[in-house]
Amino acid sequence: ISDAEEKEFLPLSLKILSGLEERHTQIFLHNKSAQTAFSSLGFDGGVKIPSCAGNCYSDWLGIVDANVGVNKANYFLERSALLSVYLDGQNLKRFLTISYRNSASPALGEAGRYKSYLRLLLPQGSSVNDVEFTIGNSKESQAPEITEIRGRKEAGVLVEIPAGQTKEITFSWEEVSWLDFTQEGEYRLYVRKQAGSVGDRLGLIFFLPQGLGITTSPKLSLTQEDGYGYNTLLTRDFFSRISWPNE
């Protein structure tokens, strides 16, 4: 940076900004006032819990993968997620299926095995169900480890994917829904990107009361399941808003 020429200042600044917004770079300073400024922009790596007032609910989640296998199996790993949100009943229900594909050669043996402690960061009021593991036609379930910290809930499980295999892990959680669809209201969703991850695929499907007129941002499309869907790459934090008028 100190050796950069003037013509390089703008592209260099844009590259630094991109690294901060995509959470490849995080900042900690001993200067408290400067640190507060960076924190307000979300550049400190802190977990921010969104909120809104009135007939509105700010939902959120974060996926955190931690390789505990003491190897470099991440290089061979592909990860994607599908989130289904059910807003059409008395309970607000969410189902998140995370799909892993380990493309490492089975000849690598244990060196190619991906071993991770997988955590899901959730609203504190969530009731978390057992986690379901699927390999081919085989399914099993496991109670996750639940912790509460700084106004949020975390559900964690150990995940292992041998070389050359795929696995799906499904989390489900719910809360009592107090949203009133006969009055003007809004549902917001914030998906927190994990620091250092590179553009995992994310699919979303929202199920709402039939006949409800909605406005969405970003624009959602009607799916074959009678829900509203959206597909994206989680290169940075994702925000979605669904609002409806008075009936």
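**Figure 1. A network of salt bridges in the predicted model.** Glu21, Glu22 and Arg236 are linked to one another in a network of salt bridges. The model shown here and in the other views is predicted. Across the chain, the count of salt bridges comes to 18. The chain carries 25 positive and 30 negative charges, and the mean positions of these two sets are 4 Å apart.

**Figure 2. The salt bridge between Glu78 and Arg101.** Glu78 pairs with Arg101, and the closest N and O atoms are 3.3 Å apart. The pair links distant parts of the chain, since Glu78 belongs to strand S2 (residues 77–86) and Arg101 to strand S3 (residues 91–102), with their positions 23 residues apart in the count along the chain. How exposed is Glu78? Its relative accessible area is 40%, so Glu78 is partly exposed. Arg101 also has a relative accessible area of 40% and is therefore partly exposed.

**Figure 3. The salt bridge between Glu110 and Arg113.** The closest N and O atoms of Glu110 and Arg113 are 3.2 Å apart, and the two residues form a salt bridge. Is Glu110 buried or exposed? Glu110 counts as exposed because its relative accessibility is 56%, and the cut-off for exposed is over 50%. Arg113 has a relative accessibility of 22% and so counts as partly exposed.

**Figure 4. The salt bridge between Glu5 and Lys7.** In this pair the closest N and O atoms are 4.0 Å apart. Glu5 is partly exposed, with a relative accessible area of 46%. Lys7 is exposed, and its relative accessible area is 68%.

**Figure 5. A nonpolar patch on the surface.** Which residues form the nonpolar patch? They are Leu10, Leu14 and Leu17, which together have about 290 Å² of accessible area. Leu14 lies in helix H1, which runs over residues 9–21. The chain has two helices, along with 16 strands. For the chain as a whole, the exposed area is about 14,100 Å², and carbon and sulfur atoms supply 51% of it.

**Figure 6. Arg150, a residue with a positive phi.** Most residues other than glycine have a negative phi. Arg150 is not glycine, yet its phi is near 50°, a positive value. Where is Arg150 found? The residue is in the loop between strand S8 (145–149) and strand S9 (152–161). Arg150 counts as exposed because its relative accessibility is 75%.

**Figure 7. Asp226, another residue with a positive phi.** The phi of Asp226 is near 65°, a positive value in a residue other than glycine. Asp226 sits in the loop between S14 and strand S15 (228–234). With a relative accessibility of 58%, Asp226 counts as exposed.

**Figure 8. The cis peptide bond between Ser217 and Pro218.** Most peptide bonds are trans. The bond that joins Ser217 and Pro218 is cis, with omega at about -5°. Pro218 has its place in the loop between strand S13 (215–217) and strand S14 (221–222). Both Ser217 and Pro218 are in contact with Ser240.

**Figure 9. The surroundings of Ser240.** Ser240 lies in strand S16, which covers residues 238–244. Is Ser240 buried or exposed? Its relative accessible area is 3%, so Ser240 is buried; the cut-off for buried is under 20%. Leaving aside neighbours within four places in sequence, the contacts of Ser240 include Tyr187, Arg188, Leu189 and Phe206. Of the 247 residues of the chain, 39% count as buried.

**Figure 10. Tyr228 and the residues it touches.** Tyr228 lies in strand S15. Its relative accessible area is 24%, so Tyr228 is partly exposed. Not counting residues up to four places away in sequence, Tyr228 touches Leu204, Ile205, Phe206, Leu208, Ile214, Leu220, Ser221, Leu222 and Thr223. Thr216 is twelve residues from Tyr228 along the chain, and the C-alpha atoms of the two are separated by 9.6 Å. In the chain, residues 24 or more positions apart account for 72% of the contacts with a separation of 6 or more.

Terms used
Residues numbered from 1 in each chain as written. Predicted model: local features only at pLDDT ≥ 70, side-chain atom pairs only at ≥ 80, totals over all residues. Heavy atoms only, no water. Helix = DSSP H or I, 4+ residues; strand = E, 2+ residues; numbered from the N terminus. Buried < 20%, exposed > 50% of the residue type's maximum accessible area, 1.4 Å probe, protein only. Contact = heavy atoms within 4.5 Å. Areas by Shrake-Rupley, 256 points an atom, 1.4 Å probe, with all protein chains shown as cover. Lys, Arg positive; Asp, Glu negative; His and termini not counted. Charge placed at Lys NZ, Arg CZ, Asp CG, Glu CD. Patch = residues over 30% accessible without salt bridge, like charges linked within 9 Å, V, L, I, M, F, W, Y side chains within 5 Å. Salt bridge = Lys/Arg side-chain N within 4 Å of Asp/Glu carboxyl O.
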